[in-house]
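Here is a small set of exercises to work through at your own pace. Keep the sequence and the model open side by side, try each task, and then compare your steps with the solution.

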Amino acid sequence: MTLYRHLLKESLPLLLLTLLFLTAIFLFGFFYAGARWLEGVPIPKILRWLSYHVPGVLVQAFPIASVTTTVLVFGRLAAEGAQFALLSGGVPLWRAALPLLWLGALLSVAALYLQEYVVPEANNRVRAAWWDEIHTQGAGLFRLKGMQIPIGQGRSLYFEDFDMERKEMVGVRIVSFQGEVGTFLFAERGTWEDRLITLRGYRFYRVDFREVPGLEGAKDLLAQVRRVFRAVSRGEVLEVESDLSRARAIADYADTFSFGQNSLSQAWRKARDPFLPPLERDRARLEFHSKLALPLANLVLVLLAAAMALRYGRSTGLALGLSVVLALGYYGAFFLGRSLAGMGALPPELGAWGANLLFFLLGVRALR
């Protein structure tokens, strides 16, 4: 236990400092990539946008931090010849790595929690904040013009244009159907705040398409037309409740990039959806297993990092270089497996878990 206590005492500060450093590097990368659009944006908005990246960044940074911590700690043991003392005292190297494995397990649990409860919503806020607060200063809805946006209860929203100055939708249409009866809501302009859509200059119609064939040859055509086409109401202002919030709509439809909006449970349900086409189901399986495999890499990488550090990490420079090589090697193998699975060359499960399996086997062999 004394050995474990000293290893944890050495490891925890290194782990926290490494996580802080990696998080700062990732956030600086996001800041640098968006620098041309950040000029003139208030600093609180920029900081809030960057803060939304943190949960996703931590999931990516945990494996790198665990590798770096393990390599530095065990590299110091190697430099002081401690591994010989351990072996002479009958302590196998895998037992010496147990405190780091515990830390890796803790990071894995934290990453899984973030993937399930925090990262999806944070990623939605990243995109909503970017398009609605930074890139266009409150006019993020302009990215949705010309699209059919489902707003719940079988309704879809469409608008032809967006007034950037007044921050209003122009030429708005909300359509819904119950069976063959369609309701059509038109408006000259509209705004969308949270879940409330406010329409101005609206016209509301209902059409019963079941009665349309009866119009041909109808004796009293005018009466029949009135039965089929009904002008329900019109007025100046109408408020419509949407099941989809403005922020989520922008996050879902503002661009074509995926930022990991599904939680683990949502990805699992999607992967088991029997109505998905085979290709979509394979992609859903790949997404689910990737979300599960990456957090567990914290455990896998500790084994190989400890073994490699004891053999080659006798100086701080070599230890840091070794940690970079191991982290890049793992992520290279991980994304290669995902790419091959995405092309159909590997089963989704093998594509997602291949890197973990490879590094686990290498670590177990190296620690013998």
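**Exercise 1. The cavity**

Which helices each supply at least two residues of the lining of the largest cavity?

Solution. Before starting, note that this is a predicted model, in which local features need pLDDT of at least 70 and side-chain atom pairs count only at pLDDT 80 or more, while totals for chains, interfaces and linings use all residues. Residues are numbered from 1 along each chain as its sequence is written, and side-chain values use heavy atoms, with hydrogens and water left out.

- Step 1: Searching the whole structure gives 1 cavity of 30 Å³ or more. A cavity is a set of points, on a 1 Å grid over the protein atoms alone, where a 1.4 Å probe fits but cannot get out; lining residues have an atom within 4 Å of a point.
- Step 2: The largest cavity holds about 40 Å³ of space, a volume being the space filled by probe spheres set on grid points joined across faces, edges and corners.
- Step 3: Its lining consists of L15, S66, T69, T70, L100, L103, G104, L107 and V302.
- Step 4: Helix 3 and helix 6 each supply at least two of these residues, and helix 6 has the largest share, with 4 residues. Helices here are DSSP runs (H or I, at least four residues), numbered from the N terminus.
- Step 5: By class, the lining has 5 nonpolar, 4 polar and no charged residues. Ala, Val, Leu, Ile, Met, Phe, Trp, Tyr, Cys and Pro count as nonpolar, Asp, Glu, Lys and Arg as charged, and the others, Gly among them, as polar.

**Exercise 2. The second largest pocket**

Find which helix gives the most to the lining of the second largest pocket.

Solution.

- Step 1: This pocket (an open set with protein on both sides within 12 Å along at least five of seven lines) holds about 270 Å³ of space.
- Step 2: Of its 16 lining residues, E121, R125, A128, A247 and R248 lie nearest the centre.
- Step 3: Helix 3 (43-79), helix 6 (98-134) and helix 8 (246-253) each contribute at least two residues. Helix 6 gives the most, with 7 residues.
- Step 4: The lining divides into 5 nonpolar, 2 polar and 9 charged residues.

**Exercise 3. Two partners of helix 6**

Work out how helix 6 is oriented relative to helix 8 and to helix 10.

Solution.

- Step 1: Helix 6 packs against helix 8 at about 90 degrees, with the axes 8 Å apart. Axes are lines fitted to C-alpha atoms, for helices over the stretch in contact, and angles run from 0 to 180 degrees between N-to-C directions.
- Step 2: The two helices are therefore roughly perpendicular (65 to 115 degrees).
- Step 3: The axes of helix 6 and helix 10 come within 8 Å and cross at roughly 170 degrees.
- Step 4: That makes helix 6 roughly antiparallel to helix 10 (over 145 degrees).
- Step 5: Among the residues making this contact (heavy atoms within 4.5 Å) are L100, G104 and L107 of helix 6 and V302 of helix 10. By class, the contact has 12 nonpolar, 4 polar and 1 charged residues.

**Exercise 4. A residue of helix 10**

Is S290 buried or exposed?

Solution.

- Step 1: Place S290 in helix 10, residues 278-312.
- Step 2: S290 has a relative accessible area of 5%, so it is buried (under 20%, with a 1.4 Å probe and protein chains only).
- Step 3: Leaving aside neighbours within four places in sequence, S290 contacts P295, F334, R338 and A352.

How values were computed
Buried < 20%, exposed > 50% of the residue type's maximum accessible area, 1.4 Å probe, protein only. Parallel < 35°, antiparallel > 145°, perpendicular 65-115°, else oblique.
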